[in-house]
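Subject: Structure handover

Hello,

Here is the structure I said I would pass on. Please open it next to this message and follow along as you read.

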Amino acid sequence: MFFAENPAAASCVEELALAEQLSWFETNKAGPTRFWHHIIPVPSREQETAISWVKASADGHVRRLRTLVALVEEAGRIRINELRTKRPGYIVFEDDHQVVALPFADTPR
């Protein structure tokens, strides 16, 4: 009830929740220090951009991402679509939670 009467307080709570989710990802995500793709054919400049995919088996990460999506969408900032694929592309990094890949031509983006 307080938040409905006080939009500024609701906004502050949303900002704190968003900051908490982002902080969790900064603490709990691994990232490569460099990519090895010199043996992978890269036919165009467009395909030099790697995409990071969260593995479906990474339950905690998926749950946190869905919370993050809900917060961002609720704030009206942007619409986010979930993409899934079994063919992410040429894998240049992988850990227990994610795959980073140079996409195939038919990889969803």
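What is the order of the three strands in the open sheet? The order is 1-3-2, and the pairing is antiparallel. Before going further, please note that this is a predicted model.

The sheet

Strand 1 (51–54) and strand 2 (90–94) are the edge strands. Each has a single partner strand, so one side of each has no neighbour in the sheet. From one strand to the next, the twist averages 30 degrees. The antiparallel pairing between strand 1 and strand 3 (residues 98–102) runs over four bridges. To find this pairing on screen, look for Trp53, whose bridge partner in strand 3 is Val99.

Helix 3

Does the length of helix 3 agree or disagree with what its residue count leads us to expect? Helix 3 covers residues 59–74, which is 16 residues, and at 1.5 Å a residue the expected span is 22 Å. The C-alpha atoms at its two ends are 22 Å apart, so the two values agree. The buried residues of this helix are His61, Val62, Leu68, Leu71 and Val72. Just after helix 3 comes Gly76, which has a positive phi of about 75 degrees.

Salt bridges

Side chains of opposite charge can pair when their charged atoms come close. How many salt bridges does the structure hold? There are five, and I describe some of them here.

Glu82 pairs with Arg66, and their closest N and O atoms are 3.1 Å apart. This pair links distant parts of the chain, since Glu82 sits in the loop between helix 3 and strand 2 while Arg66 belongs to helix 3, 16 residues away. Glu82 has a relative accessible area of 49% and is therefore partly exposed, as exposed would need over 50%. Arg66 is also partly exposed, at 43%.

Glu82 forms a salt bridge with Arg84 as well, with 2.9 Å from N to O. Arg84 has a relative accessibility of 65%, so it counts as exposed. Taken together, Arg66, Glu82 and Arg84 form a network of salt bridges.

Another salt bridge joins the side chains of Arg87 and Asp106, at 3.1 Å from N to O. Which parts of the chain does this pair tie together? Arg87 is in the loop between helix 3 and strand 2, and Asp106 is in the segment after strand 3, so the pair ties together parts 19 residues apart in sequence. Arg87 is partly exposed, with a relative accessible area of 44%, whereas Asp106 is exposed, at 54%.

The largest pocket

The largest pocket has a volume of about 910 Å³. It is lined by 31 residues, and those closest to its centre are Trp53, Val54, Leu65, Glu82 and Leu83. Two of these names have come up already: Trp53 is the bridge partner of Val99, and Glu82 belongs to the salt-bridge network.

Which element supplies the largest share of the lining? Helix 3 does, with seven residues. Helix 2 (7–28), strand 1, helix 3 and strand 3 each supply at least two residues of the lining.

If you want a place to start, select Glu82. From there you can find its salt-bridge partners, Arg66 and Arg84, and then the centre of the largest pocket, to which Glu82 is one of the closest lining residues.

Regards

How values were computed. Residues numbered from 1 in each chain as written. Predicted model: local features only at pLDDT ≥ 70, side-chain atom pairs only at ≥ 80, totals over all residues. Heavy atoms only, no water. Pairing = 2+ DSSP bridges. Axes fitted to C-alpha atoms, helices over the stretch in contact; angles between N-to-C directions. Expected span 1.5 Å × (residues − 1). Buried < 20%, exposed > 50% of the residue type's maximum accessible area, 1.4 Å probe, protein only. Salt bridge = Lys/Arg side-chain N within 4 Å of Asp/Glu carboxyl O. 1 Å grid on protein atoms, 1.4 Å probe; cavity = no way out; pocket = protein on both sides within 12 Å on 5 of 7 lines; lining within 4 Å. Points joined across faces, edges and corners; volume = space filled by probe spheres on them.
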